[in-house]
Structure formats: structure tokens, C-alpha cells
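User: Please take a close look at the salt bridges in this model. I would like the individual pairs, where they sit and how far each side chain is covered.

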Amino acid sequence: MVFLQNKLNLKVSQKQILTPGLVQMVSVLALNKLELKEMIDAEMVENPVLEEMEVSIPLLDDVAGKVEAREREETRERQEPEAVSATADKKDPFEEIDFGSFFRDYLDPGYRSFNEREDIERPSFENFLSQPATLSDHLLWQLGSVNVRPGVRAAAELVIGNLNEDGYLTASEDELLGASKKSAEGPEPQESALAGTVAVRAVVNGHHSHTPFELVVSRAVAPAGPPPSQISRSAVPDAPFVREDLGEAITLVQNFDPVGVAARGLRECLLIQIKHLQKTRDFEGSADPENDQVIEDAAKIVHGQLHLLQNKQYKEMARAIARPLEAVIQAHEFIRTLDPKPGLRYNKVEPKLIEPDVAFVKHGDEYLVMMNDEDLPQLRVSPTYRRMLHQGQTVEKDVRSYVKDRYKSAVQLIKNIEQRRQTILKVCYAIIRRQQEFLDRGIDMLKPMMIKEVAEEIGVHPSTVSRAVSNKYVHTVQGVFELRYFFSEGVQGPEGAGTSLLILKRRVKKLIEEEDSAHPLTDDQITRILQSQGIQVTRRTVAKYREDMKIPSTHQRRTRN
């Protein structure tokens with residue numbers, strides 16, 4: 001008979017464990033200048049032992065003048081203590097009151113000159129700069145100006161909340177109706193998610209009274225997080241709606257500015273814009289038979305021949321809609337004036353702020369690496385806390401332990417920042433040694449370079465080099481580039497071993513730009529041209545690079561007269 005019993009076993013194993021200091025060194029190395037500055041500011045707030053060194057050092061003359069003034073004041077107080085005290089006793093407290101401004105404020109409501117106005121410190125002008133309106137804000141503002149039923153309004157808010165960046169409606173009608181049903185039923189205690197249940201997670205935009213929310217559909221056997229019953233009541237529509245309300249709301253939003261939002265696809269988006277243009281022309285009475293025929297042809301092409309339009313198959317489209325070839329080309333030109341992504345007018349991507357971390361400066365015949373340490377706080381350990389650690393028994397044990405931990409953390413951070421600096425300098429000098437011709441003559445002389453080669457040269461792991469060049473930029477005479485830009489593989493071939501893949505893509509793009517649009521180059525022809533230049537590539541490789549650069553195929557690039 002076997003009984004359960006406890007046993008103690010020893011097991012010896014070797015593991016690589018990163019110490020907290022090493023973890024911090026790895027994270028600091030991957031930061032660029034702006035991120036490092038934010039991290040240092042946060043550490044200075046949390047760690048009182050860290051101090052920022054004063055950048056400005058006072059001049060000796062200023063220091064000597066302040067010392068002499070202080071000595072004269074101390075001498076005068078020692079020589080005339082009674083006079084100083086008598087002067088202080090005779091000071092009238094009513095002299096500290098500005099009766100002129102008092103009576104001017106409360107007894108004179110008349111006109112005041114500019115010099116008599118009170119100087120009040122006001123907030124910065126930047127605080128009054130308006131934020132750009134998003135697509136949801138713009139649509140909700142238009143929804144607030146129309147008079148519709150509560151159900152339609154609730155459905156329209158839900159539709160607006162489920163538009164992607166391009167302005168397309170990403171959720172289906174069943175999902176939107178399911179959200180309305182859940183909001184009407186209200187929260188239920190301990191609701192469980194069964195197989196096939198649609199879980200709804202709300203994303204709240206609290207700036208509007210009727211808050212839209214985004215649907216995130218997931219199917220699971222059991223809930224991994226909080227149950228759907230915990231959805232905030234402020235995140236669901238204020239009124240339930242039915243399918244008819246939802247259809248009316250979608251049509252309403254589709255006719256808002258910009259026209260074409262809330263479409264379920266490209267075809268519907270273009271058709272909405274064409275129909276809106278036709279209605280506008282009929283309402284304004286600016287009908288033109290020739291232009292009306294072009295718009296009608298464009299509607300037929302978008303409705304049933306959109307796949308032919310993408311490949312510019314004009315003859316096939318002309319036979320499909322029974323129109324001449326010239327009319328099809330005119331309709332295509334009109335379709336190109338439409339907006340396939342109307343939401344991007346308001347969902348604009350903010351430009352990314354780039355500040356170079358290093359600079360390659362030419363000094364004589366060689367290049368030097370200059371670190372951009374401007375605006376970075378120069379850290380040091382506080383002398384006050386350092387003396388506190390050496391005071392011995394005069395400091396309480398808990399206080400001493402806390403200061404000791406903070407002291408070690410501060411020293412470790414300063415070492416990691418310096419280690420980051422030295423690693424980046426080593427990597428940059430390795431780049432300069434390999435890319436000298438690029439810096440002198442331009443981008444066409446960029447040579448292939450691998451991270452592993454640089455890591456072996458400076459004696460670190462390849463992951464260290466990868467972190468050192470991640471999200472960091474360098475200023476050169478050829479422009480501002482990301483440090484990772486210099487690392488790329490080489491192309492095979494007798495002359496291609498020294499050719500970077502980036503240069504190969506540039507050659508493929510240049511050949512396509514210089515081709516005859518009536519007879520564009522095929523991938524086989526481009527391959528033969530590159531092989532004649534000593535770069536041994538295959539047709540499949542050329543096709544892959546062309547697709548990576550989002551260049552259409554030969555058939556799509558051909559222009560028919």
C-alpha cells in the first residue's frame with residue numbers, strides 16, 4: 001500500500017538570471033534621446049538622491065561681489081545694532097498697504113490708462129491652442145444639428161463609434177443590434193459567456209453626452225476577464241433601437257461630411273459619393289448632358305466592373321457597359337477624383353518628432369561621432385545624502401536603509417547611462433569605418449553590413465547592437481537617417497556581393513520609372529538587365545521587391561492609347 005508523504009529533494013541547475021541593474025542597462029540602451037530624457041525626469045522625481053548638476057557656473061567676479069556685499073552688511077549690523085533695531089521698530093505697518101491701488105480698484109470705475117492696469121500673470125498662450133477635430137467629433141457635431149428619433153440617434157452614435165481610420169464601418173448590423181439589445185436588458189448579476197457568445201467591450205469617449213463605443217467581438221468558452229455585465233452604463237446607447245433605425249442611421253451618417261463614411265466597402269463608398277454628386281447637380285440645376293453621361297458611366301463601372309477597373313482593362317469595361325473606349329477612359333478619370341478613404345481627412349497622423357541622437361562630423365579626412373546631449377540632465381549623487389550615509393549611529397536604521405538603496409539605484413543609473421553612451425559611440429565608429437564612401441559620395445555607395453559583423457568587431461552580443469541602433473537617428477552630410485538604415489544584406493553575384501538590398505530596390509524602381517508606359521518592363525526583362533550589370537537575382541526576387549515597394553504589375557502599369 002502506497003502512502004503519500006513529503007520529501008525534500010535537491011536539484012542543481014544553471015540559469016541565466018538578469019539582475020535589476022542589467023535589466024535597467026538593457027532598457028536604457030534601447031531608448032532614444034527624447035525617451036531617455038523622460039525616463040531621467042521620472043527617476044529624479046522618485047529618487048531623492050539623484051540631482052541635476054547646474055549647467056551655468058557663476059563667474060568669479062559675481063561671487064566676489066556677493067561676498068563683499070554680505071560682509072559689508074554683517075559689519076554694519078555689528079557696528080550699529082541699536083540703529084538697525086530702532087529703524088525696524090519705527091517702521092509703520094500702514095506703509096505696506098497700497099492705498100492708491102485699493103481706492104483705484106473700488107472707487108474709480110472709470111477709464112484707466114494702460115500703465116494703471118494691474119499686471120496679472122496669465123496662463124501661457126499654448127494652453128489656448130485648439131486640438132484638431134477627429135472624424136468622430138466632426139460626425140457627432142453634425143448629428144447634434146439634425147432632428148431624428150431617439151432610436152436613430154442612438155444607432156448613429158454607435159455607428160460613428162465603430163468607424164475605422166479610413167471611415168469604413170467595421171461592425172456588422174447583427175453586432176450593432178446585439179449591443180443595443182444588451183443595453184436595453186441592462187446588467188445581469190454574474191452573467192457567464194457561453195460558447196459562441198459575443199462579448200462587447202466598450203471604449204468610452206467621455207467628452208459627449210451620448211457616448212459612442214467600439215465593438216470588440218470575441219468568441220470563447222469562458223470569460224477571461226470581467227463579465228460583460230460590468231460594462232459601464234455611460235458607454236452604451238441611451239435608447240434601444242431596431243434594425244429599421246439602424247438602417248436609417250447608417251444612411252444618415254453616410255451623407256454627412258465627408259460623404260462616403262460608414263460605407264461597408266470601397267464599392268459602396270464610391271457609389272455614395274457618385275449618388276451625392278448627382279443629387280447636388282439636380283438640386284442646383286446645373287445639369288450637363290455630357291458630364292451626366294460621364295457620371296452615369298462611372299456609376300456602372302463602380303457597381304459591376306470594379307475588378308476590371310483595378311487592372312485598367314478598358315476594352316473589357318467598354319464591352320460590359322456597352323460604351324465606347326473614350327467614354328470609359330473619361331469615366332475612369334472621374335472616378336480618380338473620388339476619395340476612397342474619406343475618413344483620413346480628419347484622422348490625420350501627427351508627424352513624428354525626430355531629434356538625432358548622434359552626428360557624423362567630418363574633421364579633415366576622417367569623421368567624428370558627436371553625441372547630442374543637449375537638454376539631457378547631467379546627473380550626480382546628492383552630497384547631502386552621501387554625508388548622511390557616513391554619519392553612522394546618528395541616523396535611524398530605516399532611514400539609513402532607504403537612503404542606501406536609493407544611493408545604489410542612483411549610482412547604477414548613472415553607470416548605465418554612461419554605458420549606453422559608450423556602446424553607441426563604438427557602434428557609430430564601426431559604421432563609419434564601413435560606410436566611408438556613403439558619407440562622401442551618397443546613398444548609391446551604401447554597402448551591405450550585418451549587425452553580427454559589428455557585434456563581433458566591438459565585442460558585444462548582436463542583440464546589444466540591435467538595441468543600440470533601435471529608434472535612433474544620426475545627422476550626416478547626406479541627411480538624417482535611422483542607424484538601422486545602414487544595416488542590410490548583400491545581393492548574390494560576381495558584382496552583387498557588395499550591393500545592398502536597398503540599392504537593388506532603388507535600381508528596380510529607377511528602371512520602372514524610366515520605362516515606356518505603353519510597353520512597360522516585365523519582371524523577366526528587369527532580371528536580365530540586373531544580371532547584365534553583374535547582379536545575379538531571380539525573377540521571383542525582383543517580383544518580391546517590386547511588391548514590397550507597392551509597384552503595380554506590368555499589366556497594371558501599361559497605358560493604352
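Analyst: The model is predicted, and the count of salt bridges in it comes to 25. Three pairs are described here one by one, followed by a network.

One salt bridge joins the side chains of arginine 149 and glutamate 248, at 3.2 Å from N to O. This pair links distant parts of the chain, with the two positions 99 residues apart in numbering. Arginine 149 sits in the loop between α6 (135-143) and α7 (150-161), while glutamate 248 belongs to helix α9 (residues 243-254). Arginine 149 has a relative accessibility of 42% and therefore counts as partly exposed. Glutamate 248 is also in the partly exposed class, because its relative accessibility is 37%.

Helix α9 also holds arginine 243, whereas glutamate 173 lies in helix α8 (residues 173-185), so this pair ties together parts that are 70 residues apart in sequence. The side chains of arginine 243 and glutamate 173 meet in a salt bridge with an N to O distance of 3.2 Å. Arginine 243 is partly exposed, at a relative accessible area of 41%. For glutamate 173 the relative accessible area is 27%, which again means partly exposed.

Aspartate 339 and arginine 345 form another salt bridge, in which the closest N and O atoms are 3.1 Å apart. Aspartate 339 has a relative accessible area of 18% and is buried, because the cut-off for that class is under 20%. Its partner arginine 345 is partly exposed, with a relative accessible area of 43%.

Some salt bridges share partners, and in this way Glu173, Asp174, Arg243, Arg264 and Glu268 are joined into one network. The pair of arginine 243 and glutamate 173 described above thus has both of its residues among the members of that network.

Charged side chains also appear around the enclosed and open spaces of the model. The largest cavity has a volume of about 30 Å³, and its lining divides into three nonpolar, one polar and four charged residues. Among the residues that line this cavity are Lys33, Asp357, Asp373 and Arg420. The largest pocket holds about 500 Å³ of space. Of the 19 residues that line the pocket, those closest to its centre include Lys312 and Arg336. By class, the pocket lining has ten nonpolar, four polar and five charged residues. Helix α14 gives the largest share of that lining, four residues.

Conventions:
Residues numbered from 1 in each chain as written. Predicted model: local features only at pLDDT ≥ 70, side-chain atom pairs only at ≥ 80, totals over all residues. Heavy atoms only, no water. 1 Å grid on protein atoms, 1.4 Å probe; cavity = no way out; pocket = protein on both sides within 12 Å on 5 of 7 lines; lining within 4 Å. Points joined across faces, edges and corners; volume = space filled by probe spheres on them. Nonpolar A, V, L, I, M, F, W, Y, C, P; charged D, E, K, R; others polar. Salt bridge = Lys/Arg side-chain N within 4 Å of Asp/Glu carboxyl O. Buried < 20%, exposed > 50% of the residue type's maximum accessible area, 1.4 Å probe, protein only.
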